[in-house]
Amino acid sequence: PIPIAFWAAMEVTGDYACDSPLGYRYMRVAISSDDAHEKGGVVDRENHTLKMGWDDNAWTGVRFRNVYIPQNARILEAKIVFTAQAAEPTGGWGGSSGGDSGTVNYHITAHDVDNSPTFQAVNYDISDRIPKTSHIVWNITNTWYIWEKYNTPDLKDIVQTIIDRPGWEKGNAMTFMLQRIGTGKRRAWSF
C-alpha cells in the first residue's frame, strides 16, 4: 500500500534553527492503526482502502507519529497527500478506467491534544476525539483517478495551533480528522 503523507514547510528560530531558518518535514502514516474510517460509530483501521465519507456523518482519521516540528516553528504551509485507490470504472467494474467523481466536501480539523494516540477498534474513536474549534473546508470537484496523488488545502493554521500548545514537543504525534459534509465520496490507499 501507498501510505498517506503529510508535509510541512516551516521557519525555525532559536535552538532548532541549525544552519538554515527554513525547514521542510515529510512524514508518512507508519502503521495500519494510524489511519481509519468510521461509519455509524464503528471504526475500521485494518482495511487497505480508506473510505472517505461513504455515509452521512462519516469520519476519516489520519495520524502522523514522530512529527519533528519544534514548538517555536512558524508553519508556512502544510498539507496531507492522499493517493487515490479503487476507483470505480466509468462503465462499472467490468468497464474502462474511471474514477471517484462528484462533488464532496470535508471539514478537516485536528485532535486538540499534545500527543495524539493511535486509533483503537473502539466505537466512535475518531468522532469522539476533541477537535480544534477551527476547521478547513476541502471542496473536491475533480474526479480522482487510481494512483494519482491529491493534496488537501493548506492546513498551516490548524498545525500551528497544535504546535503552539504548551505541552507540544518535537516528535509528538498529530491526528487529523475529516468529516464528510453532504454527499459524495473518495477512496484513498491506507497503510
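1. Contact, as used in this note, means heavy atoms within 4.5 Å. In that sense the buried residues of helix α1 are covered by elements that include β1, β7, β9, β10 and β13. The model under review is predicted, and every remark below should be read with that in mind.

2. The buried residues of α1 are I158, V159, Q160, I162 and I163, a list in which the glutamine deserves a look alongside its neighbours in the helix. Helix α1 itself spans residues 156-163 and lies across β9, β10 and β13, with a direction at about 140° to that of β13, the strand of residues 174-181.

3. The sheet beneath discussion here is open and is formed by six strands in the order β4-β3-β6-β13-β9-β10, with antiparallel pairing. Its edges are β4 (42-44) and β10 (136-140), each of which pairs on one side only, and the twist from one strand to the next averages 25°.

4. For the pairing of β9 with β10, I would check the register directly in the model. Strand β9 covers residues 104-110 and is joined to β10 in the antiparallel sense over five bridges, and within this pair N105 stands opposite N139 of β10.

5. Nonpolar side chains tend to be buried together in soluble globular proteins. In this model the largest nonpolar core has 37 residues, and those with the most contacts inside it are F6, F64, F82 and F176. Two or more residues are given to this core by each of β1 (5-11), β5 (49-52), β6, β7, β9, β10, α1 and β13. A second core, separate from the largest one, consists of six residues, among them V43, W59, I126 and M177.

6. The surroundings of F82 can be followed residue by residue. When residues up to four places away in sequence are not counted, F82 touches I4, L50, M52, V62, W138, W144, L178 and A188, among others; the list also includes E148, K149, Y150 and T152.

7. Two residues other than glycine have a positive phi, and both merit inspection. Most residues other than glycine have a negative phi. N66, with a phi of about 55°, is placed in the loop between β6 (59-64) and β7 (74-83), and counts as partly exposed because its relative accessibility is 38%. Y124, whose phi is near 65°, lies in the loop between β9 and β10 and is likewise partly exposed, since its relative accessible area is 40%.

8. The loop between β6 and β7 also holds A73, which is buried because its relative accessible area is 4%, the cut-off for buried being under 20%. A73 and E11 are 62 residues apart in sequence, yet their C-alpha atoms are 5.6 Å apart in space.

9. The last point concerns N172, in the loop between α1 and β13. With a relative accessibility of 11%, N172 therefore counts as buried. A polar atom of the N172 side chain lies 2.9 Å from the backbone oxygen of D114. Apart from neighbours within four places in sequence, N172 is in contact with F64, R65, N66, V67, D114, N115 and G167, a list that contains N66, one of the residues with positive phi.

Definitions and conventions:
Residues are numbered from 1 along each chain as its sequence is written. This is a predicted model: local features need pLDDT of at least 70, side-chain atom pairs count only at pLDDT 80 or more; totals for chains, interfaces and linings use all residues. Side-chain values use heavy atoms; hydrogens and water are left out. Two strands pair if DSSP finds at least two bridges between them. Helices (H or I, at least four residues) and strands (E, at least two) are DSSP runs, numbered from the N terminus. Axes are lines fitted to C-alpha atoms, for helices over the stretch in contact, and angles run from 0 to 180 degrees between N-to-C directions. Buried means under 20% relative accessible area, exposed over 50%, partly exposed in between (1.4 Å probe, protein chains only). A nonpolar core is a set of buried Ala, Val, Leu, Ile, Met, Phe, Trp, Tyr and Cys residues joined through side-chain atoms within 4.5 Å. A polar contact is a pair of N or O atoms within 3.5 Å; within protein, one must be able to donate a hydrogen and the other to accept it, and residues adjacent in sequence count only if both atoms are side-chain atoms.
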